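Open the model in your viewer and keep the selection panel at hand. The stops below say what to select next and what is there.

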Amino acid sequence: MRWRSATRRPAPLHRRMVWWLLGYLALISLAVFSVGNYVHEHAEHSAWRALLNSELDSIVNHIEHEPHYRWQDSDTLRLFYINDASDAPESLRALHPGLHDGVMVGGRQSAVMVRETPHLGRLALVLDINDFHELEQFATRWVMLAGVVMIIVTVLMASFGVGRLVRPLSSLARRIDELRPGVPGQRVEVDPRGSSELYVIANALNDYLARNEQFVERERVFISTASHELRTPIAVITGAAELALGEPDVPDRARQQMQRVRRTAQGVEQLIQLLLVLARDPARLAALGERIALDQLVPDIIEDHRHLMGDKDLRIDLGGLARVDIVAPLGVVQAAIGNLLRNAIENSGRGTIRIEVSPQAVVTLQDPGHGMSPEEIAAVHARMARGYRNEQSGIGLELIARLCEHLGWALQIEPCEPRGTRVILDLGASLPDWSTS
C-alpha cells in the first residue's frame with residue numbers, strides 16, 4: 001500500500017537553538033534596558049530634588065534674614081514668585097508643590113521645584129536641563145545601537161558555534177535518512193568530531209540493523225523452506241483429486257467432495273505461492289513477471305469462484321472490461337484478485353457484485369454487503385499498515401496489502417452508497433514499458 005505523510009517537516013535543531021538564543025538575548029536586553037532606565041530616572045529625580053531643595057533652602061534663608069538680599073538669576077537657574085501679579089510663565093502656575101521634571105519653560109526642558117512659604121508665598125526654582133536631556137538622548141541612542149550590534153554579533157557567533165556543534169548530529173541524521181528498507185549491510189557512521197552520545201546512538205542503531213537483517217533472513221529462509229515443503233503434498237492431493245474426478249463411475253456425492261478437495265488444495269497452493277512471493281526480494285520477483293491480458297484473466301477468475309456463492313441470491317456483473325496487458329507473476333495476480341472476489345462473496349448475502357477493469361490496469365470490485373464506515377475502513381488500513389491480522393477480513397486483505405507494498409501496487413477501500421464496499425486494486429506499476437518492449 002502507498003502512504004503519504006502530510007506533516008510539515010520541523011525546523012533543524014541548530015536553527016531552533018539560534019532562534020531561542022535570539023529571543024533570550026532580546027528578552028535580557030529589554031529587561032536590562034528597562035531596569036537601567038528606571039534606575040537612571042530615579043537617580044536623576046533624586047539629584048534634582050536634592051540640588052533644588054538645597055538651593056531653595058539657601059535662597060529662602062537669605063531673603064528672610066537679610067533685608068537687602070536680592071537673588072540674581074543665572075544662565076541655568078532662575079527663581080519665580082508665583083502670585084497674581086507676577087510675570088511667571090503659564091507652565092509654572094498650575095504646578096503643585098514638589099519636584100517636576102521635563103517642564104517646558106521658555107522653550108527649554110527644565111526641572112522645577114515648587115514650594116509654599118509662609119512669608120514669600122509660592123516659589124518656583126527652575127533649573128535648565130535642556131542640554132543634559134540632549135546628551136542623555138544621545139547616550140541612549142548609542143546604548144541601544146550598541147545593544148543591537150551586540151545581539152547581532154552574538155547571534156552570528158552563536159549560529160557559527162551551534163552549527164559546528166550540531167554538525168555531527170546532522171550528519172548522523174542524514175545517514176539515518178539515507179537508510180533504505182531491504183538493503184543488506186547498511187550501517188551508520190559517526191563524524192569523528194561527534195560526542196560520545198552520538199556514538200551510543202549509532203552503535204545501538206547498527207546493532208538493531210544487524211539483528212533486523214538476521215531476523216529478515218531467518219524469516220525468508222523459513223517461509224521459503226516451509227512453502228517448498230508444503231507444495232509437494234499439496235501437489236499429491238491435487239493430482240489424486242483430479243484422478244478421482246476422471247473416473248466415470250464415481251458417485252455424485254463423492255464427486256462433489258473430491259471437487260471441494262481439489263478447490264481447497266488449489267486455494268492452499270495459491271496461499272503458498274503468495275508466501276513465496278513475499279519471501280523473495282522485489283528485484284528477484286520482477287524477473288518472474290510475464291505479460292498478462294487482464295481482460296482474459298478476470299473472467300477466468302470469476303468462473304473459478306462462482307462455486308463460493310452456493311445458494312446465495314448473488315450474481316457477478318462484469319462491467320467495463322478494458323483491453324489491457326500487465327507484466328507480473330501470473331499466480332500473484334490470480335491470487336490477489338481472487339482473494340478480493342472471495343471476500344466480496346463471503347461478505348454479501350444478496351445482490352450484485354460489480355467488477356470493472358480500466359485501461360490503466362485498475363481493478364474495481366463493488367459488493368452489496370453491509371458496507372464499512374469511514375472509521376472502520378481507516379482501522380482496516382491501520383491494521384494492514386502495522387501488519388496486524390483481523391479475523392473478519394481474514395488473511396486475504398493482509399496478504400494483498402503486503403503484496404501491494406512489495407510490488408508497488410496500491411489498494412484502496414471505500415464505502416458505497418447506499419450500502420456495500422468498493423475495493424480498488426491499482427496494478428498500474430505492472431504496466432509494460434512499451435518503449436523497451
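Which residue in S11 is the bridge partner of Pro415? Select Pro415 and Thr421: Thr421 is the partner, and it belongs to S11. Bear in mind throughout that this is a predicted model.

**Stop 1: the sheet around Pro415**

Extend the selection to strand S10, residues 410-415, and strand S11, residues 421-426. These two strands run antiparallel and are joined by 6 bridges. Now add the remaining strands of this sheet. It is an open sheet of 5 strands, ordered S6-S8-S9-S11-S10, and its pairing is mixed. S10 is one edge strand, and S6 (313-321) is the other; each of them pairs on one side only. Ignoring direction, neighbouring strands here are turned by 15° against each other on average.

Next, select residues 294-305, which are helix H7. H7 packs on this sheet and touches S6, strand S8 (350-357) and strand S9 (362-367). Its direction makes about 175° with that of S6.

**Stop 2: the antiparallel sheet**

Clear the selection and move to the other sheet. How many strands form the open sheet with the order S1-S4-S3-S2? There are 4, and their pairing is antiparallel. Select 77-82 for strand S1 and 98-105 for strand S2 to mark the edges, where each strand pairs on one side only. From one strand to the next, the twist averages 30°.

Add strand S3, residues 108-117, which runs antiparallel to S2 and is joined to it by 7 bridges. For one residue pair to display, pick Met104 and Gln109: Gln109, in S3, is the bridge partner of Met104.

**Stop 3: the helices on this sheet**

Select helix H1, residues 13-65. H1 packs on the sheet, with contacts to S1, S2, S3 and strand S4 (121-128). The direction of H1 makes about 50° with that of S3.

Then select helix H3, residues 130-177. H3 lies across S2, S3 and S4 and runs at about 130° to S3.

**Stop 4: a nonpolar surface patch**

Show side chains for Leu135, Phe138, Trp142, Leu145, Val149, Val153 and Met157. Together they form a nonpolar patch on the surface, with about 730 Å² of accessible area. Finish on Val149, which sits in H3. Why can Val149 count towards a surface patch? Its relative accessible area is 44%, so it is partly exposed and lies above the 30% that patch residues must exceed.

Note on methods:
Residues numbered from 1 in each chain as written. Predicted model: local features only at pLDDT ≥ 70, side-chain atom pairs only at ≥ 80, totals over all residues. Heavy atoms only, no water. Patch = residues over 30% accessible without salt bridge, like charges linked within 9 Å, V, L, I, M, F, W, Y side chains within 5 Å. Areas by Shrake-Rupley, 256 points an atom, 1.4 Å probe, with all protein chains shown as cover. Salt bridge = Lys/Arg side-chain N within 4 Å of Asp/Glu carboxyl O. Buried < 20%, exposed > 50% of the residue type's maximum accessible area, 1.4 Å probe, protein only. Pairing = 2+ DSSP bridges. Axes fitted to C-alpha atoms, helices over the stretch in contact; angles between N-to-C directions. Contact = heavy atoms within 4.5 Å.
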